[in-house]
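Visitor: I should like to learn how the features of a structural model are read. Please show me one and take me through it.

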Amino acid sequence: MSIDMAQFHQVFFEESFEGLDVMESGLLNMDPGTADVEEINAIFRAAHSIKGGSGTFGFMNVSDFTHVMETLLDEMRDGRRQVAADAIEVLLQSVDVLRDMLTAARDGGSADEARVKAQYSELQRVLADKHSSDDAVADPVKQASAVVPEVQPVGWKIVFRPHPHLMRTGNDPLRIIRELATLGETSVNCDLSELPAFEEFEPEDSYLSWDLRLHEPVDKSQIDEIFEWVEDDCDFAVVPVMPEGYDPAAAVEPPAASDQAEPVAQKKPHLTEVPPPEERRVTDERRNEAERRKTPAAAAGGSSSIRVDIHKIDALINMVGELVITQSMLGMLGEDFHISRVERLREGLTQLERHTRELQESVMQIRMVPISFSFSRFPRLVHDLSSKLNKKIELKMSGENTEVDKTVIEKIGDPLVHLVRNSLDHGIEKPEERLAAGKPETGIVRLSASHRGGNIVIEIRDDGRGLPRDKILKKAVERGLVKADDNLSDKDIYDLIFQPGFSTAEQVSDVSGRGVGMDVVRRNINELGGAIEIESTPGKGSAIIIRLPLTLAILDGQTIRIGKETYIVPLVSIVESIQIQESMLNTVVGRGETFTLREEYLPVVRMHEVFGIEDHDAKRLTDGILVVVEGEGRKCGLFVDDLLGQQQVVIKSLEANYRKVEGISGATILGDGSVALILDIPGLMRLAKQGGARTRAPLALTA
Amino acid sequence: MPESANNVKQILGDDASGTQYLTCLLAGEQYGLNILQVQEIRGWEQVTRIPNSPRYIKGVINLRGTIVPILDLRLRFDLPAEPYSKETVVIVVRAADKKGNERSIGLVVDAVSDVIVARDEQVVCTPEFGANVPTENIIGLVSEGDEMVMLLDIASLLELDADEVGVTGG
């Protein structure tokens with residue numbers, strides 16, 4: 001039988017990357033010395049799943065590597081090894097190596113052999129290092145060879161409690177005991193306490209349990225082998241019997257695990273707490289599943305599948321049900337309609353409208369994922385960078401559960417990394433510097449996300465030195481971006497860092513300072529229809545505030561008319577719409593038409609000129625309407641004929657079949673089935689600035 | 001038309017080695033489009049103009065939720081413009097562009113005429129003659145009876161990127 005395993009690969013990789021994220025965040029949360037058992041368990045399970053999966057799919061290098069990690073984790077889990085900072089660090093690095101290996105396996109390449117080998121031996125070193133750090137019992141893998149010789153047990157104490165159904169599985173306790181007897185002299189003690197009264201006695205059930213003693217120092221694996229077939233159907237433990245004089249403290253029950261039997265180890269309960277193995281395994285799996293759902297998915301950019309909370313799907317199905325009911329109600333009404341029933345028809349239509357809207361919202365919900373998918377990588381980043389930069393930095397995150405569109409998650413990742421790196425590198429000072437400035441030694445970087453209006457606001461706030469206003473200005477003058485005597489506000493100056501190739505870092509580090517980035521960050525955020533702002537107080541810290549639309553598929557728009565053409569202006573860009581008076585207008589030589597709005601001089605963009613619309617109604621500026629819009633921190637007034645109304649529009653791509661059009665961000669379909677184009681405000685301003693297609697005079701846009 | 005009946009027979013018959021082309025009329029000339037790339041044929045309808053686009057891009061329409069640009073082949077090939085009439089049709093074609101992205105576009109032609117079958121060896125290379133149509137948009141020529149059919153390269157018509165087309169103002 002041949003099954004094409006490749007069809008499962010994607011799921012395997014997806015789950016493995018999720019597993020890696022679980023391991024990584026778990027390891028980061030672990031404090032040396034005081035490890036939470038649950039935490040270790042979660043990490044262990046993730047490692048175990050990866051090992052199992054990679055073995056199944058034939059990625060032997062991955063499974064071998066994971067196996068060593070797993071061994072280490074297993075020791076921590078059983079409390080046989082202290083959770084040392086050193087080990088955590090090695091495990092973290094191993095997670096990275098593993099990620100590389102999995103990526104290579106997925107893309108059909110090969111991982112960096114040398115690095116894998118180095119990390120492998122590093123893990124081995126930590127494993128072998130146990131005696132210095134703890135005094136508990138040995139690692140199961142090496143027990144037979146390395147540890148046992150030190151204190152040879154003189155025999156074994158075996159507790160064997162078959163479950164009632166053992167004999168129905170075709171096994172016979174007697175055969176097992178006989179088999180055991182072949183290893184050496186045994187003494188058998190049978191426990192009859194479970195034996196029921198005769199009338200309740202089920203002849204096919206097993207009620208007996210045994211305490212067995214093997215007076216022979218055989219290898220433990222030999223015993224395990226005998227019980228191999230029944231280990232799922234019994235409670236079973238093997239304890240070495242130590243020679244007299246041996247320190248009893250060390251004679252803890254050794255693990256039942258052999259090196260290939262981690263799943264067994266997981267299932268096999270200790271004698272003291274004996275939940276039925278099946279049940280325990282099931283809960284483990286369930287927990288695993290729950291954890292997976294909670295934890296961030298692979299940060300890999302373009303994964304094409306999405307995990308959806310079952311509740312969201314249920315809500316959707318519910319909604320569709322309602323819709324079907326409404327539809328059949330309307331259908332019945334239509335079959336023999338009489339004018340007297342118009343009231344019911346109207347009711348039905350209202351219901352239909354409500355359900356359609358709810359359905360739309362639910363469908364949108366499916367694309368929404370918590371921003372923690374994007375935030376989850378930062379603890380690691382901060383952990384690594386702060387040690388690299390010799391700074392003490394604490395990361396505080398809030399609002400990780402804020403939900404955003406999946407596309408936003410995919411595109412916001414890199415800009416965020418860039419901004420957080422900047423905060424760490426440029427913002428937070430070195431500990432000495434902070435102390436000198438009267439600040440606590442540890443710098444704080446806050447990463448938060450929240451809903452505000454129809455937007456998602458992401459803030460990266462640090463309590464560092466703030467942006468160096470003068471340095472930025474000096475640099476900008478040097479580069480000829482601005483003139484020294486230009487009267488610039490702080491905001492204008494901070495905005496300069498978004499210029500391509502702008503960096504004030506005195507020294508280019510591998511962390512930041514190459515000046516490739518802030519412009520890209522801004523571009524990415526603009527592409528998502530968002531905006532970015534900077535706040536900074538010298539000596540107190542700075543904040544970067546990113547505003548993003550909740551969803552990329554739908555936008556609140558204002559419909560405008562110019563001549564016979566209809567366009568949509570995103571409502572978020574609109575500051576206000578005004579009808580202007582002659583007195584507000586002025587023509588600045590060389591700068592085109594401007595108007596005054598609350599002491600600000602704003603340029604007028606005559607839409608019909610920029611877009612070449614011939615039959616526009618309003619010839620004079622005072623006849624039409626000026627829609628004051630803002631984009632990339634600049635404002636201007638769009639001169640249009642009329643405002644038509646506000647509505648939610650579904651964004652359709654113009655580029656899919658056509659190409660990018662300057663000044664247009666997309667298209668939508670109006671209620672009558674016709675297409676309307678959506679304006680891209682920053683693009684439109686650029687277009688007007690360049691002189692557009694037929695603008696009379698080039699417009700210089702004021703800030 | 002008996003001719004087209006013949007052609008249909010040819011299509012349905014054993015002769016599967018040829019390629020089928022949808023032919024259309026443009027300023028008195030016959031043009032052929034690979035039928036596998038033809039998505040549908042529609043009547044002319046009002047479009048939404050795209051500002052600052054080339055003259056031959058009439059605008060975009062809503063094709064069941066997708067935004068599809070409409071290209072006037074007459075204008076594309078610098079033929080004299082004709083007012084649109086009832087016979088004016090839009091052939092929506094779909095093909096992969098240079099970058100391998102599947103794109104749809106509507107082509108405005110005077111009328112749709114026929115379906116022909118041509119085997120590859122029947123297609124002759126485009127001579128460097130003073131034809132109406134730039135040779136880079138033509139795959140080759142096929143003679144159909146005493147008429148000549150120019151086979152259009154749809155992929156080349158899909159190249160609408162600004163740098164290649166140039167903005168000529170709307």
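Guide: Let us begin with the core. In soluble globular proteins, nonpolar side chains tend to be buried together. Here the largest nonpolar core has 76 residues, and those with the most contacts inside it are Val605(A), Leu638(A), Leu33(B), Val60(B), Leu71(B) and Leu107(B). Apart from that core lies another of 42 residues, among them Val369(A), Val382(A), Val521(A) and Leu550(A). A nonpolar core is a set of buried Ala, Val, Leu, Ile, Met, Phe, Trp, Tyr and Cys residues joined through C-beta atoms within 7 Å. A residue is buried if 20 or more other C-beta atoms lie within 10 Å of its own, exposed if 12 or fewer, and partly exposed in between, with C-beta atoms placed from the backbone.

Visitor: On what basis do these statements rest?

Guide: This is a predicted model, in which local features need pLDDT of at least 70 and side-chain atom pairs count only at pLDDT 80 or more, while totals for chains, interfaces and linings use all residues. Residues are numbered from 1 along each chain as its sequence is written, and chains are lettered from A and ligands numbered from 1 in the order in which they are written.

Visitor: What are the ipTM and pTM of the model, and what is the mean pLDDT of chain B?

Guide: The model scores ipTM 0.80 and pTM 0.50. For pLDDT (the predictor's confidence in each residue, from 0 to 100), the mean over chain B is 79, and 79% of its residues reach 70 or more. Residues 1-15 of chain B have pLDDT below 50, and this stretch has 12 contacts beyond near neighbours in sequence. Two residues are in contact if their C-beta atoms, placed from the backbone, lie within 7 Å. Over residues 162-170 of chain B, pLDDT also stays under 50.

Visitor: How many residues does each chain bring to the contact?

Guide: Chain A gives 20 residues and chain B gives 22 residues. On the side of chain A that touches chain B, strand E21 (664-669) and strand E22 (675-679) each supply at least two residues. The largest share of that side, three residues, comes from E22(A). Helices (H or I, at least four residues) and strands (E, at least two) are DSSP runs, numbered from the N terminus.

Visitor: Which residues of E22(A) lie on one side and which on the other?

Guide: In a regular strand the side chains alternate between the two faces of the sheet. In E22(A), Val675(A), Leu677(A) and Leu679(A) are on one side, with Ala676(A) and Ile678(A) on the other, and all are buried.

Visitor: Which strands pair with E22(A)?

Guide: Strands of a sheet pair through backbone hydrogen bonds, either parallel or antiparallel. Two strands pair if DSSP finds at least two bridges between them. Strand E13 (residues 565-570) of chain A runs parallel to E22(A), joined by two bridges, and Tyr567(A) has Leu677(A) as its bridge partner. E21(A) and E22(A) pair in the antiparallel sense over five bridges, with Ala667(A) also partnered by Leu677(A). Their hairpin has five residues between the strands, and Gly673(A) there takes a positive phi near 90°.

Visitor: What is the order of the strands in the open sheet of chain A?

Guide: The order of the four strands is E2-E3-E1-E4, with antiparallel pairing. Strand E2 (186-191) and strand E4 (234-241) of chain A stand at the edges, each with a single partner strand, so one side of each is left without a neighbour in the sheet. Eight bridges join strand E1 (residues 155-162) of chain A to E4(A), where Val239(A) is the bridge partner of Lys157(A).
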